[in-house]
Amino acid sequence: MALTMSMARAVLRLVFRGAAVGPIACFPSRWLSGPWSHCHSRSVRAMSSRRKISHLERTVNNFRQEMIAEAKVCGIVQESETVKRLRLVVMNKDFAFKAGQCPGLLERESVLELAVKYSEHLPAHWIHTQCDVGSEVTLRVGGDFFFDPQPSDTPVSLLLVAGGVGINPLYSILLHVVDLHRMQGSKPCKYKPGSVQLYYSAKNTDELLFKRSIINLAEEFSGKINCNFHVTQQSFEISGNMQPYVTAGRISERTLAHVSKDNLCYICGPPPMIEAVSQQLENHGVPKESIIFEKWW
């Protein structure tokens, strides 16, 4: 496969200096010289440990870009009861990253978006309790989980499996594939993307982030992008427009039974889900080196 595994494994992390929130490091500007200023971490494949280690310990060896960029919050949306979506305008024109947080939006508008789940960790807590439009934050790129195909690479089909707020980097990869589809035929784009299958699990449909955008993309690129939502604790009626895409219950081995061994598989979510899905994929013959996961928790 022309897409090298070192490239495929590289994932862009959005780490909120102590609270994992996606593929970049983001924190209030006033904390720049504080105790968070040297905290970054690395994802590793081994998942079991007697001691519960922190996110920072897990990802301590991950690549981190030296550049620290200033950004300003230009939009806040209450995505669900527990998740806020930030829209950030980046001041530094040299700030860049790969698909783990949508690079196309940054290139076009100097903007990136980030969904942040509420927690008691200081940065995430700050977003949910104090952050407002106009707030200034500082960003730093790092991590080893991204999809960055080169023009000469052979097309590869992607399987994206997300749990909860773990949709963050996978939604970015999805948007990057969409950009590649839309650029087909233009001189800058010589890579022809393969198909994408997204499985996304959450407690209920209210907790499915970006669901409307994902459905719109699946309809626009029918046959090229497919999405399946799984809800584990749905207690209210599913709206009519969502029903064709929603399945009750967790993502199971039966769900993944049809996955091709040639797929490149990205997983991001809670530890039990990652453990189960990665094992299920291996049971179906997917090579370990084709299974990439993001440990954001």
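**Entry 1: strands E5 and E6**

I began with strand E5 and strand E6 (residues 111-117), which pair in the antiparallel sense over seven bridges. I note here that I am working from a predicted model. Looking up the register, I found that Arg-87 has Glu-113 as its bridge partner in E6. I then checked how covered E5 (residues 83-90) is, and six of its eight residues turned out to be buried, so I record the strand as mostly covered.

In E5 I picked out Val-83, which counts as buried because its relative accessibility is 2%. Leaving aside residues up to four places away in sequence, I listed what Val-83 touches: Val-77, Gln-78, Ala-115, Val-116, Lys-117, His-128 and Leu-209. I also looked up the C-alpha separation between Val-83 and Ala-124, which is 9.9 Å for two residues 41 apart along the chain.

**Entry 2: salt bridges**

I searched the whole structure for salt bridges and obtained five. In one of them Arg-85 is joined to Glu-113, with 3.1 Å between the closest N and O atoms. Since Arg-85 belongs to strand E5 and Glu-113 to strand E6, this pair ties together parts that are 28 residues apart in sequence. Are these two residues buried or exposed? I found both Arg-85 and Glu-113 to be buried.

Next I looked at Glu-109 and Arg-87, whose side chains meet in a salt bridge at 2.9 Å, N to O. Glu-109 sits in helix H3 (residues 103-109) and Arg-87 in strand E5, so here the parts tied together are 22 residues apart in sequence. Both values of accessibility went into the notebook: Glu-109 is partly exposed at 42% relative accessibility, and Arg-87 is partly exposed at 25%.

A further salt bridge joins the side chains of Glu-220 and Arg-182, at 2.8 Å from N to O. Because Glu-220 lies in helix H6 (residues 211-220) and Arg-182 in helix H5 (residues 167-182), the pair ties together parts that are 38 residues apart in sequence. Glu-220 has a relative accessibility of 47% and therefore counts as partly exposed.

Which residues are joined into one network by salt bridges that share partners? My list reads Glu-79, Arg-85, Arg-87, Glu-109 and Glu-113.

**Entry 3: the six-stranded sheet**

I traced an open sheet of six strands with parallel pairing, and wrote down its order as E11-E10-E9-E8-E12-E13. The edges are strand E11 (246-248) and strand E13 (291-294); each has a single partner strand, so one side of each is left without a neighbour in the sheet. With direction ignored, I noted an average turn of 15° between neighbouring strands of this sheet.

Within the sheet I looked at strand E8 (residues 158-163) and strand E12 (residues 264-268), which run parallel and are joined by five bridges. For Leu-158, the bridge partner in E12 is Leu-264.

I then asked what lies across these strands. Helix H7 (residues 271-283) lies across E8, E12 and E13, and runs at about 165° to E12. H6 lies across strand E9 (196-202) and strand E10 (225-231), and runs at about 145° to E10.

**Entry 4: helix H5**

From its first C-alpha to its last, H5 reaches 22 Å over 16 residues, which is close to the 22 Å expected at 1.5 Å a residue. Of those 16 residues 15 are buried, so I describe H5 as largely enclosed by the rest of the structure.

**Entry 5: aromatic pairs**

How many aromatic pairs does the structure hold? I found three. The pair of Tyr-171 and Phe-210 is stacked, because the ring centres are 4.1 Å apart and the planes stand at 5°. Tyr-171 is in helix H5 and Phe-210 in the loop between E9 and H6, so the pair ties together parts that are 39 residues apart in sequence. Tyr-171 is buried with a relative accessible area of 10%, and Phe-210 is buried at 4% relative accessibility.

For Tyr-200 and Phe-229 I recorded ring centres 6.1 Å apart and planes at 70°, so this pair is edge-to-face. Here Tyr-200 is in strand E9 and Phe-229 in strand E10, so the pair ties together parts that are 29 residues apart in sequence. Tyr-200 is buried with a relative accessible area of 0%, and for Phe-229, also buried, I noted 0%.

Key. Residues numbered from 1 in each chain as written. Predicted model: local features only at pLDDT ≥ 70, side-chain atom pairs only at ≥ 80, totals over all residues. Heavy atoms only, no water. Buried < 20%, exposed > 50% of the residue type's maximum accessible area, 1.4 Å probe, protein only. Helix = DSSP H or I, 4+ residues; strand = E, 2+ residues; numbered from the N terminus. Pairing = 2+ DSSP bridges. Salt bridge = Lys/Arg side-chain N within 4 Å of Asp/Glu carboxyl O. Axes fitted to C-alpha atoms, helices over the stretch in contact; angles between N-to-C directions. Contact = heavy atoms within 4.5 Å. Expected span 1.5 Å × (residues − 1). Phe/Tyr/Trp six-rings, centres within 6.5 Å; stacked < 30°, edge-to-face > 60°.
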